[in-house]
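Here is a short briefing on one protein model. Look over the sequence and the structure first, then read the points by topic.

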Amino acid sequence: SSTSQKHRDFVAEPMGEKPVGTLAGIGDVLGRKLEEKGFDKAYVVLGQFLVLRKDEELFREWLKETCGANAKQSRDCSGCLREW
């Protein structure tokens, strides 16, 4: 499957202080919802991914519950973190 430009940009560089909206699959709306719940940076979301032991199914479920991500958005986001 091909990855988006956003995905490629994200995995190409260090995590640093990237805002959550730089994650593949996370646009303005989901980004705001995540920020409201304290997930304001990409590395905070990565932390959640690691807490869930990189279990993509659990992570996608968490994203859906946390910010209402759909299947494609959550798949893009977990793939982005996994590859990073």
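**Briefing: a buried histidine and its surroundings**

His 7 counts as buried, at 6% relative accessibility. The model is predicted. His 7 sits in helix H1. Beyond its neighbours within four places in sequence, His 7 is in contact with Ala 24, Asp 76, Gly 79, Cys 80 and Glu 83.

**Overall build**

- The protein has five helices and zero strands.
- Read from the N terminus, the order of elements is α-α-α-α-α.
- The radius of gyration is 11 Å, which agrees with the value near 12 Å for a compact globule of 84 residues.
- Along the principal axes, the C-alpha atoms fill a box of roughly 25 × 25 × 20 Å.
- Of the 84 residues, 37% count as buried.
- The exposed area of the protein is about 5,000 Å², and carbon and sulfur atoms supply 49% of it.
- Take the contacts with a separation of 6 or more: residues 24 or more positions apart account for 50% of them.

**Helix H5 and its cover**

- Helix H5 covers residues 71-83 and has 13 residues.
- From first C-alpha to last, H5 reaches 18 Å, close to the 18 Å expected at 1.5 Å a residue.
- Which residues of H5 are buried? They are Ser 74, Cys 77, Ser 78, Gly 79, Cys 80 and Leu 81.
- An α-helix has 3.6 residues a turn, so residues three or four places apart point the same way.
- The cover over the buried residues of H5 includes helix H1 (5-11), H3 and H4.
- Two of these buried residues, Gly 79 and Cys 80, are in contact with His 7.
- His 7 itself lies in H1, and H1 is part of that cover.

**Aromatic rings**

- A search of the whole structure finds three aromatic pairs.
- One of them joins Phe 49 and Phe 59 in an edge-to-face arrangement. The centres are 5.1 Å apart, with 80° between the planes.
- Why does this pair tie together separate parts? Phe 49 lies in helix H3 (residues 42-51) and Phe 59 in helix H4 (residues 56-67), so the pair links parts that are 10 residues apart in sequence.
- Phe 49 counts as buried, at 1% relative accessibility.
- Phe 59 is buried too, with a relative accessible area of 0%.
- Phe 39, Phe 49, Phe 59 and Trp 62 form one aromatic cluster.
- H3 and H4, the two helices that carry the Phe 49 and Phe 59 pair, are also among the elements covering H5.

**Lysine over a ring**

- Lys 18 lies over the face of Phe 10. The distance from the ring centre is 4.1 Å.

**The loop between H3 and H4**

- Arg 53 lies in the loop between H3 and H4. Arg 53 has a positive phi of about 55°, although it is not a glycine.
- Is Arg 53 buried or exposed? At 74% relative accessibility, Arg 53 counts as exposed.
- Lys 54 lies in the loop between H3 and H4 as well. Its phi is near 55°, a positive value in a residue other than glycine.
- Lys 54 is exposed, with a relative accessible area of 55%.
- This loop runs between the helices that hold Phe 49 and Phe 59. Those two rings are buried, at 1% for Phe 49 and 0% for Phe 59, whereas Arg 53 and Lys 54 are exposed.

Technical notes: Residues are numbered from 1 along each chain as its sequence is written. This is a predicted model: local features need pLDDT of at least 70, side-chain atom pairs count only at pLDDT 80 or more; totals for chains, interfaces and linings use all residues. Side-chain values use heavy atoms; hydrogens and water are left out. Rings of Phe, Tyr and Trp (its six-membered ring) pair if their centres lie within 6.5 Å; planes under 30 degrees apart count as stacked, over 60 as edge-to-face and the rest as tilted. Helices (H or I, at least four residues) and strands (E, at least two) are DSSP runs, numbered from the N terminus. Buried means under 20% relative accessible area, exposed over 50%, partly exposed in between (1.4 Å probe, protein chains only). A charge sits over a ring if NZ of Lys or CZ of Arg is within 6 Å of the ring centre and within 35 degrees of the ring normal. The radius of gyration is taken over C-alpha atoms; the globule rule is 2.2 Å times the number of residues to the power 0.38. Contact means heavy atoms within 4.5 Å. Accessible areas come from the Shrake-Rupley method with a 1.4 Å probe; for residues, only the protein chains shown count as cover. The expected span of a helix is 1.5 Å times one less than its number of residues.
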